[in-house]
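Colleague: I am new to this structure and would like a close look at a single part of it, the largest pocket and what surrounds it. Please begin with the overall layout, so that I can find my way.

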Amino acid sequence: MFLKEVPDAHRFGVAELKGDKVVGIKEKPREPKSRFAVTGLYIYSNKVFKVIKTLEPSARGELEITDVNNYFVNNGTMEYRVLDGFWSDAGTFESLLRAGILIQKHSKNKNLE
C-alpha cells in the first residue's frame with residue numbers, strides 16, 4: 001500500500017501507523033490518527049481474490065477496498081511505502097481540476113529540459 005502525507009487527512013482513508021507497521025485504516029475519520037492518506041495504489045498477492053469473496057457489502061451497499069486492506073492489516077501482512085513528490089486525489093471536481101493543472105505544469109516543465 002502506498003501512503004502520502006497530507007494536510008487534510010480527514011478527507012481520505014487514513015493509515016494508523018505504529019513504528020513500521022500499519023495497525024489500522026479508517027475511512028474519512030473526523031480525528032485522523034495520522035496525516036498519511038491511503039493513495040489508492042496497492043499491490044496484492046493473489047490471496048486478495050479469496051479475501052474479496054468473504055466481504056459483505058457496506059452500508060452503502062458496496063464492497064469496500066478498506067475492508068480488503070484491513071484484512072491484510074489484521075493479519076500483519078500489510079506493508080506500506082510513503083510516496084515522495086507529487087500526488088493528488090482526484091475524487092472531487094476541485095481535486096481533479098487541481099491534479100490536471102499540476103500535471104500540465106509538470107509536463108510543460110519537462111518539455112523545457
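How many helices and strands are there in the protein chain? And which residues line the largest pocket?

Modeller: Please keep in mind that this is a predicted model. The protein chain holds 3 helices and 5 strands, and, read from the N terminus, these elements follow the order β-β-β-β-α-α-β-α. Its C-alpha atoms fill a box of roughly 50 × 35 × 30 Å along the principal axes, and 31% of its 113 residues count as buried. Among the contacts with a separation of 6 or more, 54% are between residues 24 or more positions apart.

Turning to the part you asked about, the largest pocket has a volume of about 450 Å³, and 22 residues line it, with Phe12, Gly13, Glu27, Lys28 and Thr66 lying nearest its centre. The elements that give two or more residues to this lining are strand 3 (21-27) and helix 2 (65-74), and helix 2 gives the most, with 5 residues.

Of the residues nearest the centre of the pocket, Lys28 is one that deserves a closer look. Lys28 sits in the loop between strand 3 and strand 4 (36-38), and, if its neighbours within four places in sequence are left aside, Lys28 is in contact with His10, Arg11, Phe12 and Gly13. Two of these contacts, Phe12 and Gly13, are also named among the residues nearest the pocket centre. Even with these contacts, Lys28 has a relative accessible area of 54%, and because exposed means over 50%, Lys28 counts as exposed. As a further point of reference, the C-alpha atom of Lys28 is separated by 13 Å from that of Gly91, a residue 63 places away along the chain.

Helix 2 can be followed in the other direction, towards what covers it. Its buried residues are Thr66, Val68, Asn69, Asn70, Phe72 and Val73, and Thr66 is also one of the residues nearest the centre of the pocket. The cover over the buried residues of helix 2 includes strand 3, strand 4 and helix 1 (48-54), and strand 3 also gives two or more residues to the pocket lining. Just after helix 2 comes Gly76, which takes a positive phi of about 70 degrees.

How values were computed: Residues are numbered from 1 along each chain as its sequence is written. This is a predicted model: local features need pLDDT of at least 70, side-chain atom pairs count only at pLDDT 80 or more; totals for chains, interfaces and linings use all residues. Side-chain values use heavy atoms; hydrogens and water are left out. Helices (H or I, at least four residues) and strands (E, at least two) are DSSP runs, numbered from the N terminus. Buried means under 20% relative accessible area, exposed over 50%, partly exposed in between (1.4 Å probe, protein chains only). Contact means heavy atoms within 4.5 Å. On a 1 Å grid over the protein atoms alone, a cavity is a set of points where a 1.4 Å probe fits but cannot get out, and a pocket is an open set with protein on both sides within 12 Å along at least five of seven lines; lining residues have an atom within 4 Å of a point. Grid points are joined across faces, edges and corners, and a volume is the space filled by probe spheres set on the points.
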